[in-house]
Number of protein chains: 2
Amino acid sequence: MATLAEVAQHAGVSASTVSYVLSGKRTISTATRLRVEQSIRELGYHPNAGARALASSRSNIIALMVPLRTDMYVPVMMEIAVAVATTARTHGYDVLLLTGEEGPDAVRRVTGSGLADAMILMDVELDDERLPLLRGTDQPSVLIGLPADTSGLTCVDLDFEATGALCVEHLAMLGHRDIAVIGEAPAVYERHTGFAERTLDGLRSRARKSGVRVLHRPCGGGYDAMSVTLARILDERPGTSGFVVQNEQAVEPLLALLRQQGLAVPEDVSVVAVCPDQVAVQASVRLTSVAIPAQEMGRHAVERLVAKLDGRGTDDVVLIAPELTVRTSTGPAPTAAS
Amino acid sequence: MATLAEVAQHAGVSASTVSYVLSGKRTISTATRLRVEQSIRELGYHPNAGARALASSRSNIIALMVPLRTDMYVPVMMEIAVAVATTARTHGYDVLLLTGEEGPDAVRRVTGSGLADAMILMDVELDDERLPLLRGTDQPSVLIGLPADTSGLTCVDLDFEATGALCVEHLAMLGHRDIAVIGEAPAVYERHTGFAERTLDGLRSRARKSGVRVLHRPCGGGYDAMSVTLARILDERPGTSGFVVQNEQAVEPLLALLRQQGLAVPEDVSVVAVCPDQVAVQASVRLTSVAIPAQEMGRHAVERLVAKLDGRGTDDVVLIAPELTVRTSTGPAPTAAS
DNA sequence: CGGAAGCATCGAAGCGCTTCGATGTACAGT
DNA sequence: ACTGTACATCGAAGCGCTTCGATGCTTCCG
């Protein structure tokens, strides 16, 4: 591997000159610059990452901590991760993939070793044990998700409260008065992952305003769980005519089971999903849905982080406004007559 | 941040001694070792990654190149990535996440800069443009997937030929004579991703031996595509009683459409899927399937790579033997009478 | 026309670690 | 008692880069 010194010699300049050509931190005459660039190309020179990190105390790496469990929202997580990686590259950063497994230790390790300049945390819990560490370090970080206390932190997330409200609003407008919410698996609520609870809050407070009744039921993925859940719901609230589903894995089972019960969508019941657009479009009924903007979240997170690294950053919460796309799974509530 | 030198001073030894305590490359008396370890703990010392990389020319980082497109097998990709990350950690490595976007350039960049010690490539095409680069460098690498020419490369993959054969075998044994294969989206075949074609080869050659007819149809995800595809298949080969599906997104649509056509599973038609177990279990019919062992592939890849890094490695191809799990979606072929 | 100001470049120090002799000590074998 | 060997530790060099003065030139202005 060619070194800076070799490039310098080849171009007939000193090492520092080459360095300044590379970084642009001092003015270099055009002639010299071109000559150096030529040498770099001829020798196939790539700066050594370790040396660079050591000398500049910047690794140009962003750590991304993904949840270990792959029990929910996997495609969303993946999409975020890919968006983070590609956006980071456009800013000159690479991405280090950490799993949640190590927990707070990973944060310590990465911060302490200077392996990464900054980090992005996904799947943040309301009272996440990694947060004190983040607050206690001067290493910039961005959370994807919202903990209970956001002071001193930068967060990016979909506005799930507004999302919940939007779903209710849409259904209420169509005349639905009894709405059932099919949520994530119970484990998600027990873990106090913020988004699930926030959606529920938005759903409920909006329902109160609109005079709509809401029944919430967590539900694991798959047909068996859904079957039990649906039966209970219809038993408890036979008048239910609107469904809000926040659980990718429950979408298709729900549709199939409704069909099986002789309930037509959207004639008899309406369904609104909170899921990636792809899922909404590929379902057996094209679903009215609020999209989870995975790419946008990833991109935003990186951009916030880079801003912080450049000293332009501020601590604050960015909530992405939800957008509801009407497709063919929602319609007017059936009249009392029918 | 504490440095090696500070730890050394605190423990009353020289810097090199601390280094040897850390690396274990020379014998250190127990007394000294304990004293040093104590100092490390007290000062909260973490070795600086950049300095380490520079001095040792080892970054302890493995690069993982994931496909940019998230149009297929996303959960599998994610699971592999997570398995790679966790396995790598147990061997003292971190994982750098690269997307396919940069293509060969990423390989050059990482190799040239010493950012990573080795790399793992996913979603390898039959004639992948990154391969010449890998062959031309002495940086160890492992492919997940199988290119056309594996010479000089280490590869890990599910044995998709055997997988295809296994599916046909199972259906043939149950008396099915006309089998339809529902494949990945056409784009996957056009890209010459190896696994799809290899499955087909296995399927066909086994079918020949068993005197079974096979009709292969690529198919995009979603209901509309599946609906068209299924109609064509039943039109062309009305006697079709067995289906092999290698496309997660087509599984549920197929089951729903079969139901709609009045075809009961497994009484009238049998379905074998090639998909992760989770999908097979959560489908509306518990599917007989050949699992895609994502975790195992990720783990294997890392272990091969670490072996190479330790000088114990060899170039070869590891094909994981497929396992077919019988669930409730396959049964005896309907007799001619019925 | 002298000094201030800017430009283009160089040299050297130093980032924090690893690693290779070298050195000093203790003990075994002869 | 003396050499040989193994053990425990130290000092110094060096990994490849960034960055801070310093230096020699031009150019400009009063």
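This briefing covers the sheet, the nonpolar cores and one buried threonine. The structure is a predicted model in which local features need pLDDT of at least 70 and side-chain atom pairs count only at pLDDT 80 or more, while totals for chains, interfaces and linings use all residues. Residues are numbered from 1 along each chain as its sequence is written, chains are lettered from A in the order in which they are written, and side-chain values use heavy atoms, with hydrogens and water left out.

**Sheet**
- Twelve strands (DSSP E runs of at least two residues, paired if DSSP finds at least two bridges between them) form an open, mixed sheet in the order 11(A)-5(A)-4(A)-3(A)-1(A)-2(A)-2(B)-1(B)-3(B)-4(B)-5(B)-11(B).
- Strand 11 (317–320) of chain A and strand 11 (317–320) of chain B stand at the edges with a single partner strand each, so one side of each has no neighbour in the sheet.
- Strand 1 (residues 61–66) and strand 2 (residues 94–99) of chain A pair in the parallel sense over six bridges, and A:Met65 of chain A stands opposite A:Leu98 in strand 2.

**Nonpolar cores**
- The largest nonpolar core (buried Ala, Val, Leu, Ile, Met, Phe, Trp, Tyr and Cys residues joined through side-chain atoms within 4.5 Å) has 104 residues, and A:Ile120 is among those with the most contacts inside it.
- Apart from this core lies another, of 38 residues, including A:Val110 and B:Val110.

**A:Thr163**
- A:Thr163 lies in helix 8 (residues 160–173) of chain A (helices being DSSP H or I runs of at least four residues), and counts as buried because its relative accessibility is 0% (buried means under 20% relative accessible area, with a 1.4 Å probe and protein chains only).
- The side chain of A:Thr163 reaches the backbone oxygen of A:Asp159 at 2.8 Å.

Note on methods:
Buried means under 20% relative accessible area, exposed over 50%, partly exposed in between (1.4 Å probe, protein chains only). A polar contact is a pair of N or O atoms within 3.5 Å; within protein, one must be able to donate a hydrogen and the other to accept it, and residues adjacent in sequence count only if both atoms are side-chain atoms.
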